[in-house]
Amino acid sequence: MRISGAGCLVVDYIYHDIDFSLPEVSQYLSKDGINGVLVGEGALLAQLEEYFQKPKEVIIRDMTCGKTPDMALGGVSVVTLISAAQLLTDCEDIEVYYYANIPDNDLGRFTLETIRKTPLRTEGLRVVPGDSVVTYALCGTDLAGKPSRTFLCYPTVHPSTALQVHQLDDAFYGSEITVFSCIQWEPEISRHFSSVLKRCKEKGSITIVTTASDPMMRGRKRWVLGDGDEVYQYIDILIMNKDEALNYSGTDDLESAAAYFKSLPAIEGVLVTDGRSPTYVYSRGNLCLPWEGFVPTASSIDRDKEQGVLPVGDTVGCGDNFCGGVVASIARQLDQQPGKIDLVEACIIGNLSGGITSTTIGGVFKERFPGEKMALMNKYLAEYRRQVEEFR
């Protein structure tokens, strides 16, 4: 089985223990929901520079209180696919490929070195002359005291390294599963997203789309995915967080958002995460077993972090690792016993994957040996299954 994916790849500069209530930080928070920084979402650096009439260096220095960052590979797509590959290392007949252009510079070399330490296949990567983009991840607590991460970023990959549609080869389209994550970051693919998805479907691929905060859509009543609503005709499984679900549906509450996505006849499954709150799961009953309800996150992981059994990392990439866990579970189910997909089972693996990633710095869980992440997740699997059953 082949899994292929495309979408966002960046290098993250991660700052910890950011206190958004401090005056030097809170001065940049949005007052109108459009301009400024929204805690927990992404903000475009160019727009912040224009609105506050300050260079980005000053804004970053103020918001981070001059802290020194950790550098890590980030980006919704590459982290999702690395996570899936890590959780499938024992499945010799399943391979995970990532398609992107990597700049021929120091950050590009760091990117490749990081990827090559993972099971992710690199045949879809090309090293090209070009520039990198960096995302500044501010980790701390939001104004309600909940763990949060906020991104100061650019709108897309640098134009010099944008993936072109013709670089998606026949092997990509012929993959049993295709995964597109934060596709707006790859502008050329995003502009032709409906036709790319349509070709995947024509080749028999299961299409999984995961979204991310899109600061370019600020102020719109309903966010646009790719090149328009036609994309929803070719998506099998859609994964979002709650804020993204509300924005992409143009609604004000999760119930209304769920009703909107359920009304789109081609979508077979929807998963909506909400931090530590339960994950909403819907499956129509064709591709996936019929189900609708909520799945709690793994309380045992939070407990062990609080008690010092597990280390405490940050929340960067937890959502991406959730998506990777869902992808891995779906692939494993189809590989071991072809039939309808159990999205609740996929959500269980996704929640464990995201939870374990919160014990490390950055979005990529750095395995010391193949299968380390899955082995750690398996320690919590039986207890977590009991928790899910009791919740249901």
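Asp-17 sits in strand E2. Strands (E, at least two residues) and helices (H or I, at least four) are DSSP runs, numbered from the N terminus. The phi of Asp-17 is near 60°, a positive value in a residue other than glycine. Most residues other than glycine have a negative phi. Asp-17 counts as exposed, at 66% relative accessibility. Here buried means under 20% relative accessible area, exposed means over 50%, and partly exposed lies in between, with a 1.4 Å probe and protein chains only.

This is a predicted model, in which local features need pLDDT of at least 70, side-chain atom pairs count only at pLDDT 80 or more, and totals for chains, interfaces and linings use all residues. Residues are numbered from 1 along each chain as its sequence is written, and side-chain values use heavy atoms, with hydrogens and water left out.

Cys-65 also has a positive phi, near 55°, and is not a glycine. Its place is the loop between helix H3 (56–64) and E4. Cys-65 is partly exposed, at 40% relative accessibility.

**The five-stranded sheet**

Strand E2 belongs to an open sheet of five strands, ordered E3-E8-E7-E2-E4, with mixed pairing. Two strands pair if DSSP finds at least two bridges between them. Strand E3 (42–44) and strand E4 (70–74) stand at the edges, each with a single partner strand, so one side of each has no neighbour in the sheet. Neighbouring strands are turned by 30° against each other on average, direction ignored.

E3 pairs with strand E8 (residues 147–153) in the parallel sense, over three bridges. Ala-43 has Leu-152 in E8 as its bridge partner. Helix H5 (residues 106–116) packs on this sheet and touches strand E2 (10–19), E4 and strand E7 (134–141). The direction of H5 makes about 70° with that of E4. Axes are lines fitted to C-alpha atoms, for helices over the stretch in contact, and angles run from 0 to 180 degrees between N-to-C directions.

**The nine-stranded sheet**

Another open sheet has nine strands, in the order E6-E5-E1-E9-E10-E11-E12-E13-E14, and its pairing is mixed. Its edge strands are strand E6 (125–128) and strand E14 (291–295), each pairing on one side only. From one strand to the next, the twist averages 15°.

Strand E9 (residues 177–181) and strand E10 (residues 206–210) run parallel, joined by five bridges. The bridge partner of Ser-181 in E10 is Thr-210. Helix H13 (residues 343–357) packs on the sheet, touching strand E11 (237–241), strand E12 (269–274), strand E13 (277–283) and E14. The direction of H13 makes about 150° with that of E13.

**Nonpolar cores**

A nonpolar core is a set of buried Ala, Val, Leu, Ile, Met, Phe, Trp, Tyr and Cys residues joined through side-chain atoms within 4.5 Å. The largest one has 60 residues, and Ile-3 and Ile-330 have the most contacts inside it. Contact means heavy atoms within 4.5 Å. Neighbours within four places in sequence aside, Ile-330 is in contact with Ile-177, Ile-208, Ile-237, Ile-341, Leu-343 and Ala-346. Apart from this core lies another, of 38 residues, including Tyr-99, Cys-200, Leu-225 and Tyr-280.

Tyr-99 also appears beside helix H6 (residues 170–173), where Ala-171 is found. Ala-171 touches Arg-2, Ser-4 and Tyr-99, leaving aside neighbours within four places in sequence. Ala-171 is partly exposed, with a relative accessible area of 32%. Ala-171 and Gly-124 are 47 residues apart in sequence and 9.8 Å apart in space, C-alpha to C-alpha.

**Cysteines**

A disulfide is a pair of cysteine sulfur atoms within 2.5 Å. By that rule the count is zero. Two cysteines are tabulated below.

| Cysteine | Nearest cysteine sulfur | Distance | Relative accessibility |
|---|---|---|---|
| Cys-8 | Cys-182 | 4.3 Å | 5%, buried |
| Cys-323 | Cys-347 | 11 Å | 6%, buried |

**A helix pair**

The axes of helix H11 (residues 299–306) and helix H14 (residues 372–391) come within 9 Å and cross at roughly 125°. H11 and H14 are therefore oblique to each other. Angles under 35 degrees count as roughly parallel, over 145 as roughly antiparallel, 65 to 115 as roughly perpendicular and the rest as oblique. Ser-299, Ser-300, Ile-301, Arg-303 and Asp-304 in H11 meet Tyr-380, Glu-383 and Gln-387 in H14.
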